[in-house]
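Here are a few short exercises to work through with the model open beside you. Try each task yourself before you read its solution.

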Amino acid sequence: MNRSVVLAIETSCDETAVALVGSPREILASEIASQIDLHNRYGGVVPEVASRNHLPKVRPLIDAALHHAGASIREIDCVAATRGPGLLTSLLVGYSAAKGLAIGLGKPFIGINHLEGHLLSPFLQGADPVSTSVGLIVSGGHTMLVRLESVGSYSLLGRTLDDAAGEAFDKVAKLLELPYPGGPEIDRLARQGDPNRFDLPRSMLHSGDFNFSFSGLKTAVRYLVPKLTGDYRADLCASFQEAVVDILVRKTIRAAKQSGVLLVAVSGGVSANSRLRFRMSEAAAAAELALKLTSPSLSTDNAAMIGFAGLERFLLGYRSELTEDADPNLKLV
Ligand code: KG4
Ligand code: ZN
């Protein structure tokens, strides 16, 4: 069987990323140019700054990906790019570049939902094909539980009604004057802290559905901070993180049990969190569920996950029209 190769571009937020993914599931190259330092001074992503900075990076990253893969542009069978959701002006940079490349090469183009990229990313490593599972996508913009039947067949089990879990990490980190993005900082500080020192709310834990809410937890931290003195940051990070992890783990395991699936797949930036990985592994084992955790290097935004989703779709015969627009509010389900 001939190998198929997809070139993928991801520019939905503040990372410019290009990857080459080959069948059946080999990352031939995965290049990322981060803008974190640029946005750090504003404490979050500034859309105008993000899109302007994607533009000069796309071409050099395509060259770097081809160079690292030892591949020629002629070996590409399909070009994929993130269609949404994300910042429109950022999306347009990668999406338009990918369309132009596909036209120039005379190859098919496939627009990919960024959330599908995350959802399938736990299957990018290992030999198992994409299979029936409950997926927890937990990132800076989204927190959702999805039942995955097969590639392209998804149904929503629950989602956050307010903040995403990663957003809560970032906002709490800002309150504690930690750098952006706050998730990795809280993860690091929490290792030295006592998760039981502060009793923080676990909203909607017993709501009877699979929806989430994290804004109450963030507000509880906001009211607590002015009352604290001394060195409280590590304990507060550990207590906050434990509350988020508690909710994510319990609802995910419950959703899997209720759906009757035997596999849980966790993805998105927050799936890099060390405590979430540990607690989810423990809970899945206790519930006799198989677990796939996205490898930490593929948890946060990257183009390899877009390339993998593109490759799976390409092999199934999906193709996108070149007239299809980028969509900042694109839905997965
Ligand atoms: O998937 P992602 O790169 O971008 C979105 O699609 O949103 O996720 C970024 C989010 C940020 O909120 C960041 O703080 C969080 O993932 N994050 C973490 C960790 N690493 C990244 N949150 C908690 N612990 C981590 N180790
Ligand atoms: Zn993402």
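**Exercise 1.** Where does ligand 1 lie with respect to domain 1 (5–120 + 299–315) and domain 2 (131–294), and why?

Solution. Keep in mind that this is a predicted model. Start with the shell of residues around ligand 1, and ask which domain each part of that shell comes from. Domain 1 and domain 2 both contribute residues to the shell, so ligand 1 lies between them. Next, turn to the pockets: the space that ligand 1 takes up is the largest pocket.

**Exercise 2.** Find out which residues come nearest to ligand 1, and which helices supply its shell.

Solution. First, list the neighbours: there are 19 residues around ligand 1, and G140, D170, D187, N273 and D301 come nearest. Then sort the shell by class, which gives 11 polar, 5 nonpolar and 3 charged residues. Finally, look at the helices. At least two shell residues come from each of helix 4 (114–120), helix 5 (165–175) and helix 6 (182–190).

**Exercise 3.** Work out which atoms of the protein lie across from the oxygen and nitrogen atoms of ligand 1.

Solution. Take the side chain of D170 to begin with: an N or O atom there is 2.6 Å from an oxygen atom of ligand 1. Now move to the backbone, where a polar atom of G183 is 3.0 Å from an oxygen atom of the ligand. For a nitrogen atom of ligand 1, go to N273, which has a side-chain N or O atom 3.0 Å away. To finish, consider the surface: ligand 1 taken alone exposes 550 Å², and the protein buries 88% of that.

**Exercise 4.** Track down the cis peptide bonds at P85 and P181, and say which backbone feature E177 shows.

Solution. Begin with P85, in the loop between strand 4 (78–84) and helix 3 (88–105). Its cis bond is with G84, and omega is about -10°. Continue to the loop between helix 5 and helix 6, where P181 lies. Here Y180 and P181 are joined by a cis peptide bond with omega about -5°. E177 is also placed in the loop between helix 5 and helix 6. Although E177 is not a glycine, its phi is positive, about 60°.

Notes:
Residues are numbered from 1 along each chain as its sequence is written. Chains are lettered from A and ligands numbered from 1 in the order in which they are written. This is a predicted model: local features need pLDDT of at least 70, side-chain atom pairs count only at pLDDT 80 or more; totals for chains, interfaces and linings use all residues. Side-chain values use heavy atoms; hydrogens and water are left out. A residue is near a molecule or strand if one of its heavy atoms lies within 4 Å of it. A polar contact is a pair of N or O atoms within 3.5 Å; within protein, one must be able to donate a hydrogen and the other to accept it, and residues adjacent in sequence count only if both atoms are side-chain atoms. Accessible areas come from the Shrake-Rupley method with a 1.4 Å probe; for residues, only the protein chains shown count as cover. On a 1 Å grid over the protein atoms alone, a cavity is a set of points where a 1.4 Å probe fits but cannot get out, and a pocket is an open set with protein on both sides within 12 Å along at least five of seven lines; lining residues have an atom within 4 Å of a point. A molecule sits in a cavity or pocket if more than half of its atoms lie within 2 Å of its grid points. Helices (H or I, at least four residues) and strands (E, at least two) are DSSP runs, numbered from the N terminus. Ala, Val, Leu, Ile, Met, Phe, Trp, Tyr, Cys and Pro count as nonpolar, Asp, Glu, Lys and Arg as charged, and the others, Gly among them, as polar. Domain bounds come from an automatic or database domain assignment.
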